[in-house]
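This report is a short introduction for a reader new to the structure. Please look at the sequence and the model first.

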Amino acid sequence: MLTKLRRIALEFSQGNELDVALRRIVTQIKQVMKTDCCSVYLADHQKQHFVLVASDGLAASSLGQTTVGFTEGLVGLVGQREEPLNIANAKLHSHFVHAPEVEEDEFNAFLGTPIIHQRKVLGVLTIQQKQARFFTENEEAFIVTLAAQIATSMAHSEANALIVQNQGQHQWSTAIQGVSGSSGVAMAPLMVVHPNVDLADIALRKSNEVTLQQQRFTNAVTSTHHDFSRMASQLKEIISDQSLDIFEFYKQLLDKANLGKEISEKIAQGWMAESALKLVIDNYVLQFEGLDDEYLRERASDIKDLGNRLLFNLQAQSIGERQTPDSFILLADEVTASMVAEYQHQGLQGIVSVRGSSNSHAAILARALAIPAVMGVERAALSKVDQLLCIIDGYSGELFVDPSEALIHEYQHLIAEESALTEKVRAVAQLPAQTLDGHEIECLLNAGLSSGFEHSKSAGANGIGLYRTEIPFMHRSCFPSELEQKVLYRQVLEAFSESTVTMRTLDVGGDKSLPYFPILEDNPFLGWRGIRITLDHPEIFLLQIRAMMRANLGLGNLEIMLPMISNLDEVNDAIRLINQAYYELSSELIFEQGQTLVRPKIGIMIEVPSVLFQLEELASKVDFFSVGSNDLTQYLLAVDRNNSRVASLYSSYHPAVLRALNVIAKQARQFNVPLSLCGELASEPAGALLLLAMGYDKLSMNPHNIARIKWVIRHIEMTNAQKILQRVLTFSNAKQVHNFLNEQLELLGLGGFVRAGM
Ligand code: PEP
Ligand code: MG
């Protein structure tokens, strides 16, 4: 049964056209379940009704014609209740509505289940039978599972259909909703990039250029052969057992007589090379997975692996052939921080990421670079939107593909207003962040994510509140040496020699990995991350600390910050290592006249909830606290900051987060510890306003927002901010907080900071 279910779901997901896939699936379900009728109704939310779109058993003439209101009939009831309905004799049910045109008079038994994606009912799947009987529990379970499995493909197809339907007609103004990754608006053609090649993401497409497709496939096979030979010879130096035979197996499969032949045949039938590959590989995988022999079943993953490598080599050709347009919006399944870094100087106007959420590091980097970004656009169809004009609204998290003339006009206007606002706030960049009633705080800089930080001085920062050291570790093939690190840190310390620079020790793990130090874990955000890694590898930690201290010689503006602290032992151990580095360096270095090695101040990040209950003990050990609100939100709410499925649950405005932030501020005052906040909340006008009121005296943010936040602070009284905070602390959910704060910002004339337009 499981194999049948997977086969049906898989074939459905491969379908290019939704109606064709639906027609096929109803017949398959009818056969597998040995029933008399299977149908699918699709929801039309605008018209508030379901449309019968596919059926094997009901009258063909009613397809696309028969509609059932959302509150009508048995289908309506399934949709309304959002649960399956299993009835032995449908005609006797109080909700049964007789629709003669569908010709269902002979059917008695009815089982309907909703097809739901992300809480939205997309349609209803029904099976019917002449014999009056309840469907068994197994039958019900089968149909419910199938509906859940096809829901995601249907949601994708829904977006596809919208895009295809509107292509060329220039009348599309319906938004695809994601979450805001970085504020601002942008309009440019989309450039789709496929970094993570996976056959599962390939949509089936035909091509007229058979020769070209054959040539592409042949090239990919050659490259794949080379890859395998190279891998095998590299590995031979390390291992010499039968495990290397796998490469021979792969190469044989690739041969013209085997898999390669079948793929070529599919190409000859008019499929694009990628599609032909997918069709053949998926079929093999299914066959292998259905085998009884465990060893042979395992081979399914080898075939998938081979397929993905071929796909990689196919797509590598297209990427190589591709020119980056002058101006574009980047769209990828998962936009990574390094992709943003790669394209930032090449006409990148905006970012759309199918996966990820507002606090993925790619989004943080986009904010640092002032590039609008929309994240978690689950339903956007990657394959069909390449090169189409697109508008992204980074405030509302909306994406408009192939927009109407009216929408283009409206957004041109909003884009012009956005640049006028940026221009206007620039005037206060160098002025103090002082409220109307004279309360002053410091606006510091979050740096390290992109290579340029010098320009940030002109952004008006009082220093660096968070220098993330991960990125310099990322763009390399091995850990940087002490000297390399020293040179880099020196540049940063010198650029801000008049002010303090808080450097955070290496915080990899989670969504930041090093190519030469892979960490594969089921729960990376709860795993080996930040200080946990560096304490387990003192050689890496000591090297970094030594490099920082050497860079600080003669300047003395360095502070060291420890990420992901979750207990006191970690602080003790880290301080011990920092002291060790200090004493060793003191004895090793030959100082120039008047030079001494300074032992920098040491602080910790407050980002794991456990430390909220140990602030007093921690206060006696360190020189400062800096709240990492991005992770604190993630860990307090148990919401992965990177997961688009739960993106709507991730909010630093959740009352629990705000109350925690308020408690931290109070306790830091009580225990006399300098406090700052370096999470993204500080870069948001509403967030900065609340933090100001709570008593945070240092806010560290991305360069783009310094002038904006200063503008906000300079246009409000501290007493007013405190009143707003008191009210906010009485709310019971994030939505109320948001609405109230947006209202207050509008009242203060600051609405342009939280939505498009002045
Ligand atoms: C945070 O967690 O708030 C933070 C500033 O660090 P990062 O976003 O790099 O985890
Ligand atoms: Mg963090």
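A residue is called buried when its relative accessible area is under 20%, exposed when it is over 50%, and partly exposed in between. The model is a predicted one, and these cut-offs are used throughout the text below.

**The chain as a whole**

The chain has 758 residues, and 55% of them count as buried. Its secondary structure comes to 25 helices and 23 strands. Among the contacts in the chain with a separation of 6 or more, 66% are accounted for by residues 24 or more positions apart. The accessible surface comes to about 33000 Å², and carbon and sulfur atoms hold 50% of that surface.

**Two residues with positive phi**

Most residues other than glycine have a negative phi. Glu 82 has a positive value, near 55 degrees, and Asp 402 likewise has a positive phi, of about 50 degrees, although it is not a glycine. Each is placed in a loop: Glu 82 between helix 3 and strand 4, Asp 402 between strand 14 and helix 12.

| Residue | Element before the loop | Element after the loop | Relative accessibility |
|---|---|---|---|
| Glu 82 | helix 3 (73-81) | strand 4 (85-87) | 44% |
| Asp 402 | strand 14 (398-401) | helix 12 (405-426) | 6% |

Are these residues buried or exposed, or in between? At 44%, Glu 82 lies between the two cut-offs, so it counts as partly exposed. Asp 402, at 6%, is under 20% and therefore buried.

**The magnesium site**

Which residues of the protein are donors to the magnesium ion (ligand 2)? They are Glu 607, through OE, and Asp 631, through OD, lying 2.0 to 2.2 Å from the ion. The two residues are 24 residues apart and link distant parts of the chain. Glu 607 is in the loop between strand 20 (601-606) and helix 19 (615-619), while Asp 631 belongs to helix 20 (residues 629-637). Both Glu 607 and Asp 631 are buried.

**Helix 15**

Helix 15 covers residues 482-495, which is 14 residues. At 1.5 Å a residue the helix should span 20 Å, and this agrees with its end C-alpha atoms, which are 20 Å apart. The buried residues of this helix are Glu 482, Gln 485, Tyr 489, Val 492, Leu 493 and Ala 495. Seen down the helix axis, the buried residues of helix 15 fall within an arc of 165 degrees, so they line one face of the helix. An α-helix has 3.6 residues a turn, so residues three or four places apart point the same way.

Key: Residues numbered from 1 in each chain as written. Chains lettered and ligands numbered in written order. Predicted model: local features only at pLDDT ≥ 70, side-chain atom pairs only at ≥ 80, totals over all residues. Heavy atoms only, no water. Donors = N, O, S within 2.8 Å, 3.2 Å for Na, K, Ca; no water. Helix = DSSP H or I, 4+ residues; strand = E, 2+ residues; numbered from the N terminus. Buried < 20%, exposed > 50% of the residue type's maximum accessible area, 1.4 Å probe, protein only. Expected span 1.5 Å × (residues − 1). Arc of directions from axis to C-beta. Contact = heavy atoms within 4.5 Å. Areas by Shrake-Rupley, 256 points an atom, 1.4 Å probe, with all protein chains shown as cover.
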